[in-house]
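Me: I'm new to reading protein models and would love a close look at one residue in the middle of things. Could you pick one and walk me through its surroundings?

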Amino acid sequence: ARVFKSNKRELKEALRIFKSTPYDKFLQGIRRLLSSLQKECVLANMLEIAMQDGSYQTEEQELVEKFVTELQVSRTAYEKLLNTLLVKNNLSVF
């Protein structure tokens, strides 16, 4: 919802696609539509959402891993984003 801000029509369409399209099929469909930078942006947001509750569950890791693999995001880019967000979200250091 944050990504769409006040564009309710696009949010509604995105939710419709989300609810009606299996994840694997969705990933195959967007693979060629997104630039490398867009893929990394989506990945960063996925990781941020997955860590929102203070943990990074196995199911969340599997969804992210499918995204990385299917969209051919470089392992280096993925690890850089993951490590950055792990540090950012580690509030236990305070």
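Reply: Sure, let's go with Leu43. The model here is a predicted one. Leu43 has a relative accessible area of 0%, so it counts as buried. You'll find Leu43 in helix α3, which runs over residues 36-50.

Let's look at that helix for a moment. α3 has 15 residues, and at 1.5 Å a residue they should span 21 Å; the C-alpha atoms at its two ends are indeed 21 Å apart, so the two values agree. Leu43 has company in being buried: the buried residues of α3 are Lys39, Leu43, Ala44, Leu47, Glu48 and Ala50. Some of those names are three or four places apart, and there's a handy rule for that. An α-helix has 3.6 residues a turn, so residues three or four places apart point the same way. As for what lies over the buried residues of α3, the cover includes α4 and α5.

Now, who actually touches Leu43? Setting aside neighbours within four places in sequence, Leu43 is in contact with Val64, Phe67, Val68, Val73, Tyr78 and Leu81. Take one of these partners, Val73: with residues up to four places away in sequence left out, Val73 touches Lys39, Leu43, Phe67, Val68 and Tyr78. For a feel of distance along the chain versus in space, try Glu65: Leu43 and Glu65 are 22 residues apart along the chain, and their C-alpha atoms are separated by 9.8 Å.

Zoom out a little and you meet the largest nonpolar core, which has 18 residues. Leu43 is among the residues with the most contacts inside this core, along with Leu47, Tyr56, Val64, Phe67, Val73 and Tyr78. At least two residues of the core come from each of α2 (23-30), α3, α4 (58-70) and α5. The largest share, five residues, is supplied by α5.

Two of those helices are also joined by a salt bridge: Asp24 pairs with Lys66, with the closest N and O atoms 3.3 Å apart. Asp24 sits in α2 and Lys66 in α4, so this pair ties together parts that are 42 residues apart in sequence. Unlike the buried Leu43, Asp24 is partly exposed at 40% relative accessibility, and Lys66 is partly exposed at 40% too.

For a nonpolar residue in another setting, check out Phe94, in the segment after α5 (75-88). Phe94 has 84% relative accessibility, so it counts as exposed. Together with Leu91 and Val93, Phe94 forms a nonpolar patch on the surface, with about 430 Å² of accessible area between the three.

Methods. Residues are numbered from 1 along each chain as its sequence is written. This is a predicted model: local features need pLDDT of at least 70, side-chain atom pairs count only at pLDDT 80 or more; totals for chains, interfaces and linings use all residues. Side-chain values use heavy atoms; hydrogens and water are left out. Patches are made of residues with over 30% relative accessible area and no salt bridge: like charges are joined within 9 Å, nonpolar side chains (Val, Leu, Ile, Met, Phe, Trp, Tyr) within 5 Å. Accessible areas come from the Shrake-Rupley method with a 1.4 Å probe; for residues, only the protein chains shown count as cover. A salt bridge is a side-chain nitrogen of Lys or Arg within 4 Å of a carboxyl oxygen of Asp or Glu. Helices (H or I, at least four residues) and strands (E, at least two) are DSSP runs, numbered from the N terminus. Buried means under 20% relative accessible area, exposed over 50%, partly exposed in between (1.4 Å probe, protein chains only). Contact means heavy atoms within 4.5 Å. A nonpolar core is a set of buried Ala, Val, Leu, Ile, Met, Phe, Trp, Tyr and Cys residues joined through side-chain atoms within 4.5 Å. The expected span of a helix is 1.5 Å times one less than its number of residues.
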